[in-house]
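Reader: I would like a careful, close look at one part of this structure, the largest pocket, and then an account of how the rest of the chain is arranged. Please take it slowly and keep the parts connected.

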Amino acid sequence: MHRGRGTAAKVQWIDEAARAAGVRPGQTLAAARARCASLESALVDATLLAEAHRLVTGALLRWTPRVSADGVGRFWCEPVGARWIDGVRAALSHAGPVHVGVGAWAAVAYAAARTDAGAVDDAHLDAAPLAALELPPRAIEGLASLGVRSVRALRALDPVDVGVRFGPEVAAAWRRAGGDDPRGPRVPPVDEPPSVSIDLDDVELDRLEPLLFVLRPALERLLHEPRGRGLGVTALELELRGRRGVDPVLVTIRGGGPIADPRLLLELAHAHLERLEPTGPVTGLALVARELAPLTDRNVPLFAEPRRDPAAREVALARLSSRFGAHAIRRASRVELASALSRAAWTGDAPVAGPALPWREQVPPVLLHGEWIELAGRRRRLVRLGRVERALAPFWLTGALRVERLAWAEVDGPLLVMLRARRPAAWEAVAFVD
């Protein structure tokens, strides 16, 4: 930038790993690879890079009012004060080597940062090599073949010839060398959170139902813009304004994940508003989405249906069974933590109070023959067989874990009978309720 409109500065840190490994300009590729054999490489993580840019911008804003990120590890700033360079270096010391340069415009500041000279003027830029103008290597080699190796030599060329012979990249570098450099610091834009405000004018809402009626379209308007950017609300503030002189009521609504459905937010707001004590009629409200998060496939409802195809699961199990044998596949089934017999409330002649049914124990157990059973002194027919349960038998009786099958049955009487499986096809009555 021109000095009359403000001084520009460039802050850049350079990775010193290759330099520490002994790599120098002019080496062959094989020599460079041999020296860099101990270096490790990693893929660029866009999330970590954005977080690093945010942290560095926050540190720079303590020393300058205007900051602009430019690529990886480069920031254009507006210096303030005599100790600005030392303050920036101290603030970014945790980020690695920091190079700071101050100049009348961006190209001069970059030349100062390359030499770590602090502040320089355009005369120093003229003496700098062409790399200070950030030209690509092929353009530098082409200019060097014509004897153009410094910024001063490039500026001596005719701009029309530069553009015709070397292309737009060299022409743009020629303009940057003369001060026509659009790069520079800017005021970081502040992302205002999505918000909706409603003034009810002369209308006063003193009941919950009309308030929810007004909230429904307001939530739809609030979520429209974030949902278009693939974002959902994780924290919402609802401000209820009353009559003049009455403090507004602030309600904070948080969800377990990003929410993009206004109906869900309305239900959450309904639950919060029901617990509020009324402080007077509502004459206006404001909604502010304080926190947003990306909507991803991981943010699914807690009780959503499983997405796996059951037919595909059966095919996979059939293939495993054919390859490893029928006994290699075992299907999980429900097993109660405690046996129904241990949960029963046994009674003799007197009834037992409580939530459990007062079972009468059948000693000894009576075997079920087809659809008939001898129970309580008479022969009874099986009317209905209920759900079959798998339960753990009392291991303290036998010393081993054993799963037994229990079933509920209705017989003539009517009687409710508890059946226990003796064998796969044989059942016996162990208790009944009359």
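Author: A pocket here is an open set of points on a 1 Å grid over the protein atoms alone, with protein on both sides within 12 Å along at least five of seven lines, and a residue belongs to the lining if it has an atom within 4 Å of a point. The model is predicted, and everything that follows should be read as a description of that prediction.

With that meaning in hand, the largest pocket holds about 420 Å³ of space, and 22 residues line it. Nearest its centre are Leu-240, Pro-278, Thr-279, Gly-280 and Val-282. Three elements, namely helix α11 (208-228), strand β7 (231-241) and helix α12 (262-274), each supply at least two residues of the lining. In character the lining is mixed, with twelve nonpolar residues, seven charged ones and three polar ones.

The elements named for the lining return when one turns to the nonpolar interior. In soluble globular proteins, nonpolar side chains tend to be buried together. The largest nonpolar core of this model has 27 residues, and those with the most contacts inside it are Leu-215, Leu-236, Leu-238, Leu-273, Leu-285 and Leu-287. At least two residues of this core come from each of β6 (195-199), α11, β7, β8 (249-259), α12 and β9 (284-294), with α11 giving the largest share, eight residues. Thus α11, β7 and α12 are named both for the lining of the pocket and for the core. Leu-215 illustrates how the core is joined: leaving out residues up to four places away in sequence, Leu-215 touches Leu-238, Leu-266, Ala-269, Leu-273, Leu-285 and Leu-287. Apart from this core lies another, of 20 residues, among them Trp-105, Ala-132, Val-148 and Ala-173.

Helix α11 also contains Pro-217. Because its relative accessible area is 41%, between the limits of 20% and 50%, Pro-217 counts as partly exposed. Its C-alpha atom is separated by 8.6 Å from that of Pro-262, although the two prolines are 45 residues apart along the chain.

Beyond the pocket and the core, several single residues deserve attention. Thr-64 is found in the loop between α3 (46-60) and β2 (67-69), and because its relative accessibility is 3%, under the limit of 20%, it counts as buried. The side chain of Thr-64 reaches the backbone oxygen of Glu-78 at 2.2 Å. Once residues up to four places away in sequence are set aside, the residues that Thr-64 touches are Cys-77, Glu-78, Pro-79 and Trp-84.

Gly-184 is likewise a loop residue, placed between α10 (168-177) and β6, and its relative accessibility of 5% is why it counts as buried. Gly-184 and Arg-66 are 118 residues apart in sequence, yet their C-alpha atoms are 9.4 Å apart in space.

Asp-126 belongs to helix α6 (residues 122-127) and, at 15% relative accessibility, counts as buried. A charged side chain in a buried place invites a question: which side chain does Asp-126 meet in a polar contact? That partner is Arg-155, at 2.8 Å. Arg-155 also appears among the contacts of Asp-126 beyond four places in sequence, together with Ser-150, Val-151 and Arg-152.

In the loop between α6 and α7 (137-144) sits Glu-134. Its phi is near 60°, a positive value in a residue other than glycine, and Glu-134 is partly exposed, with a relative accessible area of 26%. Pro-159, in helix α9 (residues 159-166), is also partly exposed, at 36% relative accessibility. The C-alpha atoms of Pro-159 and Ala-172 lie 9.6 Å apart, with their positions 13 residues apart in sequence counted as separation. As for backbone geometry, the peptide bond from Val-363 to Pro-364 is cis, with omega near -5°, and Pro-364 lies in strand β11 (residues 358-367).

Finally, the chain as a whole. Its secondary structure comes to 15 helices and 16 strands, and of its 434 residues, 34% count as buried. Among contacts between residues at least 6 apart in sequence, 58% join residues at least 24 apart.

Methods
Residues numbered from 1 in each chain as written. Predicted model: local features only at pLDDT ≥ 70, side-chain atom pairs only at ≥ 80, totals over all residues. Heavy atoms only, no water. 1 Å grid on protein atoms, 1.4 Å probe; cavity = no way out; pocket = protein on both sides within 12 Å on 5 of 7 lines; lining within 4 Å. Points joined across faces, edges and corners; volume = space filled by probe spheres on them. Helix = DSSP H or I, 4+ residues; strand = E, 2+ residues; numbered from the N terminus. Nonpolar A, V, L, I, M, F, W, Y, C, P; charged D, E, K, R; others polar. Buried < 20%, exposed > 50% of the residue type's maximum accessible area, 1.4 Å probe, protein only. Polar contact = N/O pair within 3.5 Å; in protein donor to acceptor, adjacent residues only side chain to side chain. Contact = heavy atoms within 4.5 Å. Core = buried A, V, L, I, M, F, W, Y, C linked by side-chain atoms within 4.5 Å.
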